[in-house]
Amino acid sequence: MIQRIQSLYLLIAILLNGVLSFYLPLWITSENVEIYALSQPVAISLFFISVLISIITLFSFKKRKRQFVLGRINIILNFVLVGVFAYWTLKLPGEMDISEKGIGMLLPIISIVFIALANKAIKKDEDLVKSVDRLR
């Protein structure tokens, strides 16, 4: 399982969404208060669902088609998370006090890259298995 490159990509995505989302601030208010994902229920629930889907994808290594589909669902979920962050930053200034964006808002984008790389490797494995089946 770990010897496959897509497993490493998925582990990196799990670490990004599961661990770093607790330690990197999403934004900083005008009073220099750092806001983390734990204080935002929507953000932490989307991060948790993304980690859960990545773990399921990682352990379903014998079913490559399911892995590929779960990877795509996870990419869509991370795009939703990026959309939520964009909505929060583009709200009227009086409604949500965001003076400086934190590095935590980039975690879903970086996670999308690694999940897409994992899907590319899964597709390559599936094509290899199909080509070997043709030879039999």
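**Close-ups of a predicted four-helix model**

At 0% relative accessibility, A37 counts as buried. That value, like the others in these legends, comes from a predicted model.

**View 1. A37 sits in the loop between β2 and α2**. Here we're looking at the loop that runs from β2 (34-35) to α2. Skip the sequence neighbours within four places, and A37 touches S21, L26, A43, I44 and F47. How far is the C-alpha of A37 from that of L128? The two atoms are separated by 40 Å, with their positions 91 residues apart along the chain.

**View 2. F47 is a buried residue of helix α2**. With a relative accessibility of 1%, F47 falls under the 20% cut-off, so F47 counts as buried. Which residues surround F47, once neighbours within four places in sequence are set aside? The contacts are N17, S21, A37, L81, F85, G104, L107 and P108. A37 from View 1 is back in that list. For a sense of spacing, the C-alpha atoms of F47 and F22 lie 9.9 Å apart, and the two residues are 25 apart in sequence.

**View 3. Helices α1 and α2 pack against each other with a left-handed crossing**. Two packed helices are described by the angle between their axes and the distance between the axes. For α1 (residues 5-23) and α2 (residues 41-59), the axes come within 9 Å and cross at roughly 155°. That angle is over 145 degrees, which means α1 is roughly antiparallel to α2. On the α1 side, the contact uses S7, L10, L11, I14, N17, G18, S21 and F22. Facing them from α2 are I44, F47, S50, V51, S54, I55, T57 and L58. Sorted by class, this α1 and α2 contact holds 9 nonpolar and 7 polar residues, with no charged ones.

**View 4. Helices α2 and α3 also meet in a left-handed crossing**. Helix α3 covers residues 64-90, and its axis is 9 Å from that of α2, at an angle of about 165°. Since this angle too is over 145 degrees, α2 counts as roughly antiparallel to α3. From α2 come V42, A43, L46, F47, I49, S50, I53, S54, I56, T57 and L58. Helix α3 brings Q67, L70, G71, I73, N74, L77, N78, V80, L81, V84, F85 and W88. What is the class make-up of the α2 contact with α3? There are 16 nonpolar and 7 polar residues, and no charged residues. F47 deserves a second glance, as F47 is listed in the contact with α1 and in the contact with α3.

**View 5. S111 and I110 are neighbours in helix α4**. Are these two residues buried or partly exposed? S111 has 0% relative accessibility and counts as buried, whereas I110, at 34%, counts as partly exposed. Helix α4 itself spans residues 107-135. Beyond its neighbours within four places in sequence, S111 makes contact with A13, L16, N17 and N78. A13 turns up again with I110: their C-alpha atoms are 8.0 Å apart, while the residues are 97 apart in sequence.

**View 6. K123 is a partly exposed lysine of helix α4**. Its relative accessible area is 42%, between the 20% and 50% cut-offs, so K123 is classed as partly exposed. K65 is 58 residues away from K123 in sequence, with a C-alpha to C-alpha distance of 8.4 Å.

**View 7. Zooming out: the whole chain has 4 helices and 3 strands**. In sequence order, the elements read α-β-β-α-α-β-α. The C-alpha trace spans about 65 × 25 × 20 Å along its principal axes. Of the 136 residues, 40% are buried. Take the contacts with a separation of 6 or more, and 71% of them join residues 24 or more positions apart.

**View 8. The annotated segments, seen against the model**. The unreviewed UniProt entry carries the annotation "transmembrane region" for residues 7-28, 40-61, 73-90 and 102-122. In the model, residues 73-90 are 100% helix and 0% strand, with the end C-alpha atoms 26 Å apart. Residues 102-122 come out at 76% helix and 0% strand, and here the end C-alpha atoms are 32 Å apart.

Conventions
Residues are numbered from 1 along each chain as its sequence is written. This is a predicted model: local features need pLDDT of at least 70, side-chain atom pairs count only at pLDDT 80 or more; totals for chains, interfaces and linings use all residues. Side-chain values use heavy atoms; hydrogens and water are left out. UniProt positions are given in the numbering used here, feature names are shortened, and annotations may be inferred rather than shown by experiment. Helices (H or I, at least four residues) and strands (E, at least two) are DSSP runs, numbered from the N terminus. Axes are lines fitted to C-alpha atoms, for helices over the stretch in contact, and angles run from 0 to 180 degrees between N-to-C directions. Angles under 35 degrees count as roughly parallel, over 145 as roughly antiparallel, 65 to 115 as roughly perpendicular and the rest as oblique. A crossing is left-handed if the near helix is turned anticlockwise from the far one by less than a right angle, and right-handed if clockwise. Contact means heavy atoms within 4.5 Å. Ala, Val, Leu, Ile, Met, Phe, Trp, Tyr, Cys and Pro count as nonpolar, Asp, Glu, Lys and Arg as charged, and the others, Gly among them, as polar. Buried means under 20% relative accessible area, exposed over 50%, partly exposed in between (1.4 Å probe, protein chains only).
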